[in-house]
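The following exercises concern a single protein chain. Each task is followed by a solution that proceeds step by step.

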Amino acid sequence: MSTLNELPPMAVAPTATVVVTPPAQPEEDWFKPCAVIPVYNHERSLPAVVAALRTADLPCVLVDDGSSPAAATVIDRLAEQDGVFLLRHPRNQGKGGAVISGLREARRLGFSHALQVDADGQHDLSGVELFLDRASQAPDAVICGYPRYDASVPKGRLYARYLTHVWVWINTLSLAIRDSMCGFRVYPLEPTLALLDRVRLGRRMDFDTEILVRLHWQQQPMVWLPTRVHYPADGVSHFRLWLDNALISAMHARLLFGMLLRAPKLLARRLQR
């Protein structure tokens, strides 16, 4: 297990000494994926998520984002397994902050790609092999999941997503991004971290959408695959209605101004297709 101190808001790399080193990989094995899992008080669902990923022989980077002592105990126990690494924030930084920390740690550990997975058990992990296979075939692309919901999805949440869909279409002048909010995707770490080094992105629920729009702006290839999404009856949601909606609105406003600056290039790109 490796435990790091909390990253300051503007930090770009972990600074504490790391105890655990990644497993040795053959030099010719250029495709080295792992899973990055932001965790905040998901002690009931997390063990099954980790077990499924380890069954798929996928190393896991857990980011404990200021969880309760009870949850931290479960996380510590999971991090004792081979192929499971732990990064810890003493205080909660939000989903985006946890994912950013996890992506940086994954790269430091020597991985080339990271599959972002939620800890709440919503994602159908039977699709992991397909997502990783596509990532190996298109190593520069972000492999993005777009959700296929079952009857468990709250209708209010389902319909509210369309507001963000519309803003994303406006801010990209394109329909290319099928769903910007599904947090089940494989990032190529080198271009993703290069973007994170240049721009400070949202640290909470605004992260998933903002990073895809900005990757689209820089013409990062994207591959879209359907993924089944289930909302467990006892699932834990950390969406803060007023705070996160305010942050998401501010994010869309930032992206709108960014789109206006890039509009000539975005339009020219469409005309070239």
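**Exercise 1.** Determine whether Thr-227 is buried or exposed, and identify its surroundings.

*Solution.* Step 1: the relative accessible area of Thr-227 is 4%, so this residue is buried (buried means under 20% relative accessible area, exposed over 50%, partly exposed in between, with a 1.4 Å probe and protein chains only). Step 2: Thr-227 belongs to strand S7; helices (H or I, at least four residues) and strands (E, at least two) are DSSP runs numbered from the N terminus. Step 3: list the contacts, defined as heavy atoms within 4.5 Å. Leaving aside neighbours within four places in sequence, Thr-227 meets Asp-124, Phe-131, Gly-145, Tyr-146, Pro-147, Arg-148, Cys-182 and Phe-184.

The model is a predicted one, in which local features need pLDDT of at least 70 and side-chain atom pairs count only at pLDDT 80 or more, while totals for chains, interfaces and linings use all residues. Residues are numbered from 1 along each chain as its sequence is written, and side-chain values use heavy atoms, with hydrogens and water left out.

**Exercise 2.** State which parts of the chain have a pLDDT below 50.

*Solution.* Step 1: take the average pLDDT (the predictor's confidence in each residue, from 0 to 100), which is 86 for the protein chain, with 83% of the residues scoring at least 70. Step 2: residues 1–21 fall below 50, and this stretch has 49 contacts in the model beyond near neighbours in sequence. Step 3: residues 24–28 also fall below 50, with two contacts counted beyond near neighbours in sequence.

**Exercise 3.** Describe the sheet and the helices that pack on it.

*Solution.* Step 1: the protein chain has eight helices and seven strands. An open sheet of seven strands follows the order S3-S2-S1-S4-S6-S5-S7, and its pairing is mixed; two strands pair if DSSP finds at least two bridges between them. Step 2: strand S3 (84–89) and strand S7 (222–229) are at the edges, and because each has a single partner strand, one side of each lacks a neighbour in the sheet. Step 3: on average, neighbouring strands are turned by 25° against each other, direction ignored. Axes are lines fitted to C-alpha atoms, for helices over the stretch in contact, and angles run from 0 to 180 degrees between N-to-C directions. Step 4: strand S2 (residues 60–65) runs parallel to S3, joined by six bridges, and Val-61 stands opposite Phe-85 in S3. Step 5: helix H2 (residues 69–78) packs on the sheet against strand S1 (33–39), S2 and S3, its direction making about 150° with that of S3. Helix H7 (residues 207–217) touches strand S4 (113–116), strand S5 (142–149), S6 and S7, and makes about 50° with the direction of S6.

**Exercise 4.** Which residues have the most contacts inside the largest nonpolar core?

*Solution.* Step 1: a nonpolar core is a set of buried Ala, Val, Leu, Ile, Met, Phe, Trp, Tyr and Cys residues joined through side-chain atoms within 4.5 Å. Step 2: the largest such core has 36 residues, and those with the most contacts inside it are Leu-103, Leu-196, Phe-207, Ile-211, Leu-212, Leu-215 and Met-222. Step 3: another core, of 31 residues, lies apart from it and includes Val-39, Val-50, Leu-115 and Ile-143.

**Exercise 5.** Locate Ser-174 and decide whether it is buried or exposed.

*Solution.* Step 1: Ser-174 is in the loop between helix H5 (155–172) and strand S6 (185–188). Step 2: because its relative accessibility is 7%, Ser-174 counts as buried. Step 3: not counting residues up to four places away in sequence, Ser-174 touches Val-168, Trp-169, His-216 and Arg-270.
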